[in-house]
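Hi,

Here is the structure I promised to pass on. Have a look through it first, and my notes follow underneath.

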Amino acid sequence: MKWTFRRGHPYNNYNMKKINIPALAQKNLKRKIIRTLVLLLLVAVVTGTLLGATIFISGMKNALKIGTYRLGADVLVVPEKNEMQAKAALLSGEPTSFSMDRAIYDRVKEVEGVKKASLQLFIKPTSFTCCYNVETFLVAFDPQSDFTVTPWLQKKLKTPLSDEEVIVGSAMPVVTGDWLPFFGTPFTVAGTLEPTGMKFFDQSIFMTLHAAYAMAEHSKTKSIQPLELEKDQVSAVLVQVQDGFTPERIAIRIEHAVDGVKAIASDEVTSTVRRQLSGLLKGILIISGVLWILSLLMIGFAFYMIVNERQRELGLLRAMGATKGHVFGLIVTEAVILSVAGGITGIAAGGAILLALKGIIVQSLKLPYLLPSLPVLAELIAGALMFSVLTGLLASVLPAFFASRMEPYDAIRKGE
């Protein structure tokens, strides 16, 4: 039998003693461009879905970790009837306003196991009278007892916050030196907090407790809608517990010692988000798992069909001196090239879609979110790319093994 080669066939230009497997694999993939693009798209969908979901979940956990650290409190004491409002304010930054007697602060400090206690007052603005259409939240703190805002001031501003100044969250469209009017009282922006991913910090404006009381007094004559606030009113008491005590234990003691309050342990707030994240994660894992299994089967079947229709070509390749390892490597290399190209495409598309829809998703779920740091993002991207390569390898191993075991003569006869 005399074998001839078609002009332009990828095997014509290769010396079998030194086969360039990657170049040969690329030419084979280009010959069936539609099939190649379909398989590439399949890998891209799986990789993009996995990466987007992983970055999103990681961003929520990141925001929760940083936000809890910034809060700096182990227990938050609020009026019993306003428990849900307080949790909503912490988790989703919903502006709220409620109050309780300042005397509760003194009673909380006396509870055994309380290391530090600080006062805060929550105020929901009736208007944001400058030129910004941003929902904001006013939080007043007591500089004498504070252990959450003051450390930031000492680190960044080096000076105490005056009653005419405010600190703004990172999401507020103002810069240092701008002035903001609330209830008829103007304030100067002294600094901007670092991003946390939690609206309670990022869309809040912090002022001293004395400034808030003065603003309420001035509002009676300077504001269209006066702020009804007495100097003995506060919204929350933030608590740090002593070593050897748990926040849950101190929360129970506070509720026992002080009537009409709800002591919310920090773990109780974060556990709510974790439960929601757990449900999301399970759903995402199920969807990703189904997509991955389907892609494995489809890619594996596609390569099985590729091997079956290319039996004559593979037989000729073996007859020209290629080893079983060459044939095996050729099929696997085609799968790896497909997987890498599909993975890169999926990573780019998944990242772009996540960035485009992040705001809508976060708003609908009402959960904190802060994009992971660059090193973490790099790790997630590298992991997604490795996952896509692994998918291609697993899907192609059996077809490649089958192709490498074919005898040249039988393969050529079956492929005719």
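I'll begin towards the end of the chain, where Q311, E313, L314, G315, L316, L317 and R318 of helix α10 are buried. The model is predicted, so please read everything here in that light. Helix α10 spans residues 311–319 and is mostly covered, with seven of its nine residues buried. Just after α10 comes G321, which takes a positive phi of about 115°.

Now to the sheet. Nine strands make up an open sheet with mixed pairing, and their order is β6-β7-β5-β8-β4-β3-β10-β1-β11. The edges are held by β6 (179–182) and β11 (261–265); each has a single partner strand, so one side of each is left without a neighbour in the sheet. On average, neighbouring strands of this sheet are turned by 35° against each other, direction ignored.

At the β6 edge, the partner is β7 (residues 185–192), and the two pair in the antiparallel sense over four bridges. Within this pairing, P181 stands opposite P186 in β7.

Two helices are worth a look alongside the sheet. Helix α7 (residues 209–222) packs on the sheet and touches β3 (114–123), β4 (137–141), β6, β7 and β8 (204–208). The direction of α7 makes about 95° with that of β8. Helix α8 (residues 247–257) lies across β1 (75–79), β3, β10 (236–241) and β11. Relative to β11, α8 runs at about 175°.

Happy to talk any of this through once you have had a look.

Best wishes

Methods: Residues are numbered from 1 along each chain as its sequence is written. This is a predicted model: local features need pLDDT of at least 70, side-chain atom pairs count only at pLDDT 80 or more; totals for chains, interfaces and linings use all residues. Side-chain values use heavy atoms; hydrogens and water are left out. Two strands pair if DSSP finds at least two bridges between them. Axes are lines fitted to C-alpha atoms, for helices over the stretch in contact, and angles run from 0 to 180 degrees between N-to-C directions. Contact means heavy atoms within 4.5 Å. Buried means under 20% relative accessible area, exposed over 50%, partly exposed in between (1.4 Å probe, protein chains only).
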